[in-house]
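Please walk through this protein chain with me, going from its sheets to a helix, a loop and the empty spaces between the atoms.

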Amino acid sequence: MIYSSLDNPKIKELKKLQMKKYRLLNKLFLIEGEHLVNEAYKAGLLVELIVLEGQTFNLDVNISYVTLNVMNYLSELENSKVIGVCRIKENEIKGNKIVLLDNIQDPGNLGTIIRSCVAFSIDTLILVNCVSQYNSKVLRAAQGLNFYLNIVNSSYSILDKLKNNYRIIGTRLNEAKELKNVAKYEKFVIIMGNEGTGISNLSKSMCDEYIYIPMNNNCESLNVGVATSIILYEMNRWVYELYLCRRSC
């Protein structure tokens with residue numbers, strides 16, 4: 001069957017998945033493009049393909065074919081040939097290395113941070129008041145690595161629970177320790193704040209200490225995606241050094 005009408009109930013329901021409330025209600029989200037579709041399939045999250053008529057995708061999931069008119073209606077990109085319908089996976093906080101994002105709103109920044117979290121072996125990424133991880137721009141920026149990261153949506157109250165077992169480390173430009181001088185912790189939470197205002201007062205009240213990245217006077221601050229990547233690279237070294245210390249002790 002080829003879906004050709006924009007008024008078809010199935011097509012209308014798929015269109016709704018572009019909105020956050022319907023994604024959460026149905027526990028489904030959309031992805032676009034062959035690369036993301038293949039990554040979602042490998043991660044076991046792909047439940048259906050919406051394919052432009054005349055195209056072929058050999059994946060073992062349900063496939064619905066649509067006309068160009070319907071594909072353009074469902075797609076947020078030009079010349080899209082395939083849309084994937086994926087299930088939302090429920091995650092819980094786990095591991096020793098945690099990043100908490102406080103009110104990050106730029107989709108590109110969140111996508112960059114997701115990629116860095118995977119690259120530097122972060123166990124859990126917590127989102128508090130952030131742009132949705134299923135936002136189409138976030139998904140494209142993350143390039144499928146979001147499928148391999150434990151991402152949890154939560155509230156500021158989660159810091160009360162984490163504080164009992166983790167070192168809570170905030171980021172700011174003054175009254176903070178230089179990144180390389182911070183003691184090495186096996187269990188930590190790094191809080192990265194909003195692009196314009198930094199971390200919130202609620203987050204600040206839970207921090208055990210603060211760090212900053214030293215820069216020359218020509219640069220006032222870094223993009224939060226870049227700053228997070230630098231910090232995670234350095235903290236990944238912490239864990240490796242702690243591992244070497246245990247082996248030699």
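**From the sheets to the spaces between**

In strand β8, Asn153 is the residue that stands opposite Leu127. This is a predicted model, and the mean pLDDT of the protein chain is 91, with 95% of its residues reaching 70 or more. Among the elements of the chain, strand β7 (residues 124-128) has the highest mean pLDDT, 98, whereas helix α9 (residues 224-248) has the lowest, 74.

The pairing of β7 with β8 is parallel and runs over four bridges. Both strands belong to an open sheet of seven strands, which has the order β8-β7-β6-β11-β9-β12-β10 and parallel pairing. At its edges are β8 (151-154) and β10 (177-178), each of which pairs on one side only. Strands of a sheet pair through backbone hydrogen bonds, and they do so in either a parallel or an antiparallel sense.

Within this seven-stranded sheet, strand β11 (residues 188-192) repays a careful look, and one may begin with its two neighbours. Strand β6 (residues 97-102) runs parallel to β11 and is joined to it by five bridges, and here Leu101 stands opposite Met192. Strand β9 (residues 167-171) also pairs with β11 in the parallel sense, over three bridges, and Arg167 stands opposite Phe188 of β11.

How many of the five residues of β11 are buried? Five of the five are, so that the strand is mostly covered, a residue being counted as buried when its relative accessible area is under 20%. In a regular strand the side chains alternate between the two faces of the sheet. In β11, Phe188, Ile190 and Met192 point one way while Val189 and Ile191 point the other way, and all are buried.

The loop between β11 and α8 (201-204) holds Asn194. Is this residue buried or exposed? Asn194 has a relative accessible area of 14%, and because the limit for a buried residue is under 20%, Asn194 counts as buried. A polar atom of the Asn194 side chain lies 2.8 Å from the backbone oxygen of Asn103, and the side chain of Asn194 also reaches the backbone nitrogen of Thr197, at 3.1 Å.

A second open sheet has five strands in the order β1-β4-β3-β5-β2, and its pairing is mixed. Its edge strands, each pairing on one side only, are β1 (2-3) and β2 (28-32). Strand β3 (residues 46-52) and strand β4 (residues 62-66) are paired in the parallel sense over five bridges, and Glu48 has Asn62 of β4 as its bridge partner. Ile2 is found in the edge strand β1, where it counts as partly exposed at 43% relative accessibility. The C-alpha atom of Ile2 is separated by 48 Å from that of Ile230, a residue 228 positions away along the chain.

Helix α5 (residues 107-119) allows a simple check of its geometry. The expected span of its 13 residues, at 1.5 Å a residue, is 18 Å, and the end C-alpha atoms are 19 Å apart, which agrees. At the start of α5, a side-chain oxygen of Asp106 reaches to within 3.0 Å of the backbone nitrogen of Gly108. The buried residues of the helix include Pro107, Asn109, Leu110 and Gly111, and further along α5 Ile113, Ile114, Ser116 and Cys117 are buried as well. Just after the helix, Ser121 takes a positive phi of about 60°.

The spaces between the atoms remain to be described. Rolling a probe the size of a water molecule over the atoms shows where empty space is left. The count comes to one cavity of 30 Å³ or more, and the largest cavity holds about 120 Å³ of space. Among the residues that line this cavity are Phe29, Leu45, Lys89, Asn91, Gln133 and Tyr134, and its lining also includes Asn146, Phe147, Leu149 and Ile151.

The largest pocket has a volume of about 570 Å³. Of the 24 residues lining this pocket, the closest to its centre are Thr171, Arg172, Leu173, Gly198 and Ser221. The elements that give two or more residues to the lining are β12 (209-212) and α9. Helix α9 supplies the largest share, three residues, and α9 is also the element with the lowest mean pLDDT, 74.

How values were computed:
Residues are numbered from 1 along each chain as its sequence is written. This is a predicted model: local features need pLDDT of at least 70, side-chain atom pairs count only at pLDDT 80 or more; totals for chains, interfaces and linings use all residues. Side-chain values use heavy atoms; hydrogens and water are left out. The expected span of a helix is 1.5 Å times one less than its number of residues. Buried means under 20% relative accessible area, exposed over 50%, partly exposed in between (1.4 Å probe, protein chains only). A polar contact is a pair of N or O atoms within 3.5 Å; within protein, one must be able to donate a hydrogen and the other to accept it, and residues adjacent in sequence count only if both atoms are side-chain atoms. Two strands pair if DSSP finds at least two bridges between them. pLDDT is the predictor's confidence in each residue, from 0 to 100. On a 1 Å grid over the protein atoms alone, a cavity is a set of points where a 1.4 Å probe fits but cannot get out, and a pocket is an open set with protein on both sides within 12 Å along at least five of seven lines; lining residues have an atom within 4 Å of a point. Grid points are joined across faces, edges and corners, and a volume is the space filled by probe spheres set on the points.
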